[in-house]
Each structure stands twice: as C-alpha cells, then as structure tokens.
Amino acid sequence: MRCLPILIVVAGLSVPSSGDAAELLPAETTVEAAIDHYIRAMLTDRQIAASPRADDETLLRRWSLDLAGRVPTLAESGAFQDLSPSERPVATVDRLLASPDAAFHLRNELDVLLLPDGKSSDEWRQYLLRACQENRPWDRMFSEMLIGKDDDPAARGATQCLRSRAAELDDVT
C-alpha cells in the first residue's frame, strides 16, 4: 500500500517519454526528489506558480485523511509534534500505512471505485479488506475478480465485482 500514494501523485505528471537519456534523472535520484523535479518542471512548463508549502499541522491532517480516512487524534498530533521536523513526513506516513485504518480506508475507496452503484455485498467487502490488509498486489486482485474461485478462501467474494457489473456488458470495462 505504500506505493499507492506515490503512484497517484506520479500518474498525473508529465514524465519525459522521448527516450532521450539526457532528459532522465540519474538512477540514484530518490523517489521524493524525482517527484519534486517533475512537479516543478510541469509547473514551469504550464507557467503555474507553486502554492506555498503547507504547515506541518495541515500536512498531518491531509496525510491522515488520505491514508486513514479520518482526522488525526489528539495523541497522534502530540506524537507528531514530538518528532523532529525532518522525521515527521516519513514516520507519519509509515505509521498511517501500517495502521488498521489504512486497510479499512483503502477497502472503502476501492469498494466505491469498483462498485459505484452500491451493489457490494459483505462477502465482497470482506474480500477487499483481506486483500488490503495483506497488501495483495493489484494484478492478483484483478485476476481474482475476473477468474476467482469462490471455493478459494483467499479469493472468496472477489467475483462479486464482475457478477455485479456483468448484467450490462458496457459496465464491465
């Protein structure tokens, strides 16, 4: 699950695709530095002024809402303040992703995304929760949804997505 927020951010960026090695960042560039680089380049190309950096309390609230689906508790806010400013981002995101709330929140988001008409069953939601708790790769989840076997305990409920959407073929894709 740790890769999901990074993928969401990177998906919206214009990364050079011309194949010119001179345009690519060196292989040792950290993920954070690469994301910052491409965001700055996109803003410059589109002549958009960057917003000022959010304060730490705002970042904590945003991270908590995005990763756990809730605002931070008073205890979490205090623990956040006890960290050094340089430790706060990584420690907070790691803690939130390791929390049970992250799996529940991701399950809820996937449920709405995959079955937007609210046709989900308890079995489907339990499948999504197990998959999120196990940090199951998306390719495996997708395969289970399409060809899963309800007699397989790990995949039970996965086919609910296809069964709910298959009544109308255009809804499958």
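This is a short tour of a predicted model, one stop at a time, with something to select at each.

**Stop 1: the whole chain**

Start with everything shown as a cartoon. The protein chain has nine helices and zero strands, so you can read the order of elements from the N terminus as α-α-α-α-α-α-α-α-α. Now colour by burial if your viewer can do that. Of the 173 residues in the protein chain, 29% are buried. How far apart in sequence are the residues that touch? Taking contacts between residues at least 6 apart in sequence, 52% join residues at least 24 apart.

**Stop 2: the core around α6, α7 and α8**

Next, select Leu110, Trp124, Tyr127, Met141 and Met145, and show their side chains. These belong to the largest nonpolar core, which has 15 residues, and they are the ones that touch the most other members. Which elements give two or more residues to this core? They are α6, α7 (122–133) and α8. Of these, α7 gives the most, with six residues.

There is another core to look for as well. Select Ala54, Leu60, Leu67 and Leu96: they are among the ten residues of a second, separate core.

**Stop 3: Met145**

Go back to the first core and zoom in on Met145, which sits in helix α8 (residues 138–147). Is Met145 buried or exposed? Its relative accessible area is 5%, so Met145 is buried. To see what surrounds this side chain, select its contacts beyond four places in sequence: Leu114, Trp124, Tyr127, Trp138, Ala158, Thr159, Cys161 and Leu162. Then try a distance between C-alpha atoms: Met145 and Arg163 are 18 residues apart along the chain, and their C-alpha atoms are 9.2 Å apart.

**Stop 4: Glu144, next door**

Step back one residue to Glu144, also found in helix α8. Here is a charged residue to check for burial. Glu144 has 10% relative accessibility, which is under the 20% cut-off, so it counts as buried. Which residues does Glu144 touch, leaving out those up to four places away in sequence? Select Tyr127, Arg136, Ala154, Ala155, Ala158 and Thr159. Tyr127, Ala158 and Thr159 are also on the contact list of Met145, so keep those three on screen while you flip between the two residues.

**Stop 5: the cysteines**

Now select Cys132 and Cys161. Cys132 counts as buried, at 3% relative accessibility, and Cys161 is buried too, with a relative accessible area of 8%. As background, a disulfide is a covalent bond between the sulfur atoms of two cysteines. How many disulfides are there in this model? The count comes to zero.

**Stop 6: where α3 meets α6**

Hide the side chains and show helix α3 (residues 56–68) together with helix α6 (residues 100–114). What angle do they make? Their axes cross at roughly 60° and come within 7 Å. That angle makes α3 oblique to α6. To light up the contact, select Leu65, Asp66, Leu67 and Ala68 on α3, then Asp101, Ala102 and His105 on α6. Colour them by residue type and you get four nonpolar, one polar and two charged.

**Stop 7: Glu76 on α4**

Move along to helix α4 (residues 74–82) and pick Glu76. Glu76 is buried, with a relative accessible area of 13%. Beyond its neighbours within four places in sequence, Glu76 is in contact with Leu60, Arg70, Val71 and Arg95. You have met Leu60 already, in the second core. For another distance, try Glu76 to Ser64: they are twelve residues apart in sequence and 9.7 Å apart in space, C-alpha to C-alpha.

**Stop 8: two loop residues with positive phi**

Finish in the loops. Most residues other than glycine have a negative phi, and most peptide bonds are trans. Which way does phi go at Gln47, positive or negative? Gln47 is not a glycine, yet its phi is positive, at about 55°. Look for Gln47 in the loop between α2 (31–45) and α3, where it counts as exposed at 75% relative accessibility.

The other one to select is Asn135, in the loop between α7 and α8. Asn135 also has a positive phi without being a glycine, at about 60°. Its relative accessible area is 44%, so Asn135 is partly exposed.

Technical notes. Residues numbered from 1 in each chain as written. Predicted model: local features only at pLDDT ≥ 70, side-chain atom pairs only at ≥ 80, totals over all residues. Heavy atoms only, no water. Axes fitted to C-alpha atoms, helices over the stretch in contact; angles between N-to-C directions. Helix = DSSP H or I, 4+ residues; strand = E, 2+ residues; numbered from the N terminus. Parallel < 35°, antiparallel > 145°, perpendicular 65-115°, else oblique. Contact = heavy atoms within 4.5 Å. Disulfide = S-S within 2.5 Å. Buried < 20%, exposed > 50% of the residue type's maximum accessible area, 1.4 Å probe, protein only. Core = buried A, V, L, I, M, F, W, Y, C linked by side-chain atoms within 4.5 Å.
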